[in-house]
Amino acid sequence: AFRTDSVTETCTRVRSRFLKGGGNPAQLSFIVGFFNHTLQPGLATQHDMRPARFVDIDVDMYLGTYQALDWMLASKLIVVGTQIAYDDWCSSTHASTMEDGEALAHVQIARKYGVRFRLLKHPHDFYKQWFEVLEIGATTPATGLEGFVYGTDYCGQCPWERTPDDPRLQNLAALGWEGP
């Protein structure tokens, strides 16, 4: 459970670390609140935000992940070359079939904006995934998971590690993921 002052404490700690690291205080601001209330059109312009080189999605759940990615793409903050890391890719109940969580948000955002992703890192720790944006507005979006060799010795939970006849892959077609 969060204490009522935990946001203030977190902002104070982040500001302190930022300044100790030589950061310019004029380049740091906090936008506190839920994504659906704070991530509004015009916010990026109001805060003079520029396209991101790296986006760390530490939201853990489908809705927040979708809202953050949707706003960043609509605001042109995610561009070709932006790298996106997810901290809890396969941590939800149905993530192994990409039916919820960060994985589902990634697939849906790829389809909505025609994003072609390239997977940069697939560690043995399957909870974390890292992608690079190759194209936005593609007629054929790509999640970055296409082309993986089945039967790897990774976690065995993620869809690209299964054999083509695995019944758990059937749900992916409905989501628009065609797999390798």
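What follows walks through the fold, the strand pairing, the aromatic contacts, the main pocket and two backbone oddities of this chain.

The model is a predicted one, so everything here is about computed geometry. The chain's secondary structure adds up to six helices and four strands. Going along the sequence, these elements come in the order α-α-α-β-α-β-α-β-β-α. As for how much of the chain is tucked away, 39% of its 180 residues count as buried.

On to the sheet. Strand β1 (54-57) runs parallel to β2 (residues 83-86), and four bridges hold the two together. Within that pairing, Val55 has Ile84 of β2 as its bridge partner. The connection goes through a helix: β1, α4 and β2 form a β-α-β unit, and the unit is right-handed. Strand β2 also pairs with β4, again by four bridges, but here the strands run antiparallel. In this second pairing, Gln83 sits opposite Glu132 of β4. Strand β2 thus has β1 as a parallel partner and β4 as an antiparallel one. As a general reminder for reading such a sheet, side chains in a regular strand alternate between its two faces.

Next come the rings. For aromatic pairs in general, the useful descriptors are the distance between the centres and the angle between the planes. There are four aromatic pairs in the structure. One of them joins Phe117 and Phe131, an edge-to-face pair with 5.9 Å from centre to centre and 70° between the planes. Phe117 belongs to strand β3 (residues 116-121) and Phe131 to strand β4 (residues 129-135), so this contact ties together parts of the chain that are 14 residues apart in sequence. Both Phe117 and Phe131 are buried. The two rings also share a cluster with a third, as Tyr86, Phe117 and Phe131 make up one aromatic cluster. Tyr86 falls within the range of β2 (residues 83-86), the strand that pairs with β4.

Then there is the empty space. In general terms, rolling a water-sized probe over the atoms shows where room is left. The largest pocket here holds about 1,900 Å³. Its lining takes in 40 residues, and the ones nearest the centre are Ser29, Phe30, Ile31, Phe35 and Met49. Sorted by class, the lining has 25 nonpolar residues, nine polar ones and six charged ones. Several elements chip in: α1 (6-20), α2 (35-38), β1 (54-57) and α4 (62-74) each provide at least two lining residues. The top contributor is α1, which gives six residues to the lining. Two of the contributors, β1 and α4, are also parts of the right-handed β-α-β unit.

Finally, a couple of backbone angles deserve a look. Most residues other than glycine have a negative phi. Asp48 has a positive one, near 55°, and is found in the loop between α3 (43-46) and β1. Asp48 is exposed, with a relative accessible area of 63%. Lys76 likewise has a positive phi, near 60°, and lies in the loop between α4 and β2. Lys76 is exposed too, at a relative accessible area of 60%. The loops in question lead into strands of the parallel pair: the Asp48 loop comes before β1, and the Lys76 loop comes before β2.

Methods. Residues are numbered from 1 along each chain as its sequence is written. This is a predicted model: local features need pLDDT of at least 70, side-chain atom pairs count only at pLDDT 80 or more; totals for chains, interfaces and linings use all residues. Side-chain values use heavy atoms; hydrogens and water are left out. On a 1 Å grid over the protein atoms alone, a cavity is a set of points where a 1.4 Å probe fits but cannot get out, and a pocket is an open set with protein on both sides within 12 Å along at least five of seven lines; lining residues have an atom within 4 Å of a point. Grid points are joined across faces, edges and corners, and a volume is the space filled by probe spheres set on the points. Ala, Val, Leu, Ile, Met, Phe, Trp, Tyr, Cys and Pro count as nonpolar, Asp, Glu, Lys and Arg as charged, and the others, Gly among them, as polar. Rings of Phe, Tyr and Trp (its six-membered ring) pair if their centres lie within 6.5 Å; planes under 30 degrees apart count as stacked, over 60 as edge-to-face and the rest as tilted. Buried means under 20% relative accessible area, exposed over 50%, partly exposed in between (1.4 Å probe, protein chains only). Two strands pair if DSSP finds at least two bridges between them. A crossover is right-handed if, with the strands pointing away from the viewer, the path from the first strand over the helix to the second runs clockwise.
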